[in-house]
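Work through these exercises with the structure open beside you. Try each task before reading its solution.

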Amino acid sequence: MDPYQPPPYQQPYPAPPGVPMDQHYNAAPSQVGYAPQATNGQPPPQQQAWQQNQPKSGPCYDGSDASDTDPEDNEQAAPVYRAPPDPTTFEAPSGYEKVGNENGGPLPPPSNPYYSDGDQKPEEKFVGVSSMEEAKVRDAILEFANRKCCYGTGAAKDMSFKKIDPSGALHYKLETFTEMRTTCWKHEPYYGGPIDGADRGPSPGVWDIQCEPNGLFDTHTKRLEIPHSSKVKECHGCYGRGYNRCHRCHGRGRVRCSSCHGNGRRMVHRDGGSHYEHCFRCGGDGKCRCNTCGGDGRVTCHTCSGRCSLRWYIQLTVQYTNNPEDYILENTDMPDELIRDVSGEVIFEQTLPYVWPISQYQVAEVNANSMRIVEKHKNSWPSCKTLQQRQVLRSVPVTEVKYDFKQKEGRFWVYGFEYEVYCPDYPHNCCWGCTIL
């Protein structure tokens, strides 16, 4: 036998008695009598998972409900998708009747009022601001020039400082750490075993389920299963059979050869002439065994992994989110946003379930903006629960330097404990010696 010749073509896989073949693959399970039934959330009778190419009593399905000819081979053919049932028709636990297949809107938490006017405001203690020395300023501009391949260090060494004006920027930041809860139905293949269903008691309310964040002020998500919400139902992806008709060969087990396009012969050019030869891939038959189903005509259902049944349950998604907002007070011409990413001296810090706005700092503008941001955060997330708030006021040293180099005047700024430099018009820069990859 030709080694490239596919195996002999097989006859149809039989449908249940009295059921036409097209209904056998497309009708609901109640019409074909295949699927085990699950009632009242109880598991159906156990049955062995279907596996592709497992021993069977009859040969494979021949695709009688498909076209009369073998389909063209298509490696990119996608499995048939069957939408899941509407879970609002399920017998859901009390309070979860409207849960759908997708996460719904956030579920508002129980009322959790802010502090009242009668609460005592914590004492505000501030530390002093920081500054930097002139020697550090010279070192900073030299380091800045060294890091730039196009900047010459001669200017940094030889420039004369005409005026060094130390100042400081104030950076206020409020973080509100919130928790949001949503629910949806999920399913997974049922592999047998006990089911945590309604018979074990009522499901707790969404906000009655204990869930703790991994860490404060760290945005992350946790997913939990609602207790006593499980139920077993037959798989909607295969009507409880464990398999589906192969999407690549339409159940025929064979496809038209992609090398000769079903002709069985290929034109070859040799020794200055052209002639036809038997196709080496299909052995001249024009058909090849389907590589997806191995000639069986069926593939394991990807929804239930061949288990025939699914375990449905309600999933609780808990989203922890850190919501930061800040205000920067910086009076020089340096861009304010540069202050955000450098370190400075913490002059005030407070972490409470709900913080009080700063009101006693010596700079009125800081007090006003602290009040503005705290009040804004009170009502920004009505569907979330506020777990913790943290406010920090930092003093970031900033030094503005006016210099003279070769009768040219300019300015640069040194800022932060990292001694970063902002110098948009460095006096000595060139592009020679640079290599652009």
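## Exercise 1: The nonpolar core

The largest nonpolar core has 22 residues, and the members that touch the most others are Tyr-96, Trp-185, Ile-226, Cys-235, Cys-304, Ile-314 and Leu-316. Note that this is a predicted model.

**Task.** Find which elements give two or more residues to this core.

**Solution.**
- Step 1. Two elements qualify: strand E1 (160–189) and strand E10 (309–329).
- Step 2. E10 gives the most to this core, namely six residues.
- Step 3. Now take one core member, Ile-226. Set aside residues up to four places away in sequence; Ile-226 then touches Tyr-96, Ser-203, Ile-209, Ile-314 and Leu-316.

## Exercise 2: The partners of strand E12

**Task.** Trace which strands pair with E12, starting from E1, then E11, then E13.

**Solution.**
- Step 1. Locate E12 at residues 385–405. Of its 21 residues, 16 are buried, so the strand is mostly covered.
- Step 2. Pair E12 with E1. The two run antiparallel, with 19 bridges. For one such bridge, go to Thr-176, whose partner in E12 is Gln-389.
- Step 3. Pair E12 with E11, residues 345–352. Seven bridges join these antiparallel strands. Val-346 has Arg-394 in E12 as its bridge partner.
- Step 4. Pair E12 with E13, residues 408–415. Here there are eight bridges, again in the antiparallel sense. Val-401 is matched with Phe-412 in E13.
- Step 5. Look at the turn. E12 and E13 form a hairpin with two residues between them. Lys-406 in this turn has a positive phi of about 55°.

## Exercise 3: A glutamine in a strand

**Task.** Decide whether Gln-315 is buried or exposed, then list what Gln-315 is in contact with.

**Solution.**
- Step 1. Place the residue: Gln-315 lies in strand E10.
- Step 2. Read the accessibility. Gln-315 has 12% relative accessibility. The cut-off for buried is under 20%. Therefore Gln-315 counts as buried.
- Step 3. Leave aside neighbours within four places in sequence. Gln-315 is then in contact with Thr-182, Thr-183, Cys-184, Lys-186, Arg-223 and Leu-224.

## Exercise 4: Salt bridges

**Task.** How many salt bridges does a search of the whole structure find? Examine some of the pairs, and say what the pair Glu-188 and Arg-311 ties together.

**Solution.**
- Step 1. The search finds 16 salt bridges. Side chains of opposite charge can pair when their charged atoms come close.
- Step 2. Begin with Glu-179 and Arg-181. Their closest N and O atoms are 2.6 Å apart. Both Glu-179 and Arg-181 are buried.
- Step 3. Move to Glu-188 and Arg-311. Their closest N and O atoms are 3.0 Å apart. Glu-188 lies in strand E1 and Arg-311 in strand E10, so the pair ties together parts that are 123 residues apart in sequence.
- Step 4. Check the cover of each. Glu-188 counts as partly exposed because its relative accessibility is 31%. Arg-311 is buried, at 13%.
- Step 5. Turn to Asp-296 and Arg-298, whose side chains meet in a salt bridge at 3.0 Å, N to O. Asp-296 has a relative accessible area of 3%, so it is buried. Arg-298 is buried too, with 1%.
- Step 6. Finish with a network: salt bridges link Asp-70, Arg-252 and Lys-287.

## Exercise 5: Positive phi in the loops

**Task.** Where are His-250 and Ser-305 placed, and what phi has each, His-250 and Ser-305?

**Solution.**
- Step 1. Recall the background. Most residues other than glycine have a negative phi.
- Step 2. Take His-250. This residue is not a glycine, yet its phi is positive, about 60°. His-250 sits in the loop between strand E4 (243–245) and strand E5 (254–256).
- Step 3. Classify His-250. Its relative accessible area is 31%, so His-250 is partly exposed.
- Step 4. Take Ser-305. Its phi is positive at about 55°, although Ser-305 is not a glycine. The loop between strand E9 (298–300) and E10 holds Ser-305.
- Step 5. Classify Ser-305. With a relative accessible area of 38%, Ser-305 is partly exposed.

Notes: Residues are numbered from 1 along each chain as its sequence is written. This is a predicted model: local features need pLDDT of at least 70, side-chain atom pairs count only at pLDDT 80 or more; totals for chains, interfaces and linings use all residues. Side-chain values use heavy atoms; hydrogens and water are left out. A nonpolar core is a set of buried Ala, Val, Leu, Ile, Met, Phe, Trp, Tyr and Cys residues joined through side-chain atoms within 4.5 Å. Buried means under 20% relative accessible area, exposed over 50%, partly exposed in between (1.4 Å probe, protein chains only). Helices (H or I, at least four residues) and strands (E, at least two) are DSSP runs, numbered from the N terminus. Contact means heavy atoms within 4.5 Å. Two strands pair if DSSP finds at least two bridges between them. A salt bridge is a side-chain nitrogen of Lys or Arg within 4 Å of a carboxyl oxygen of Asp or Glu.
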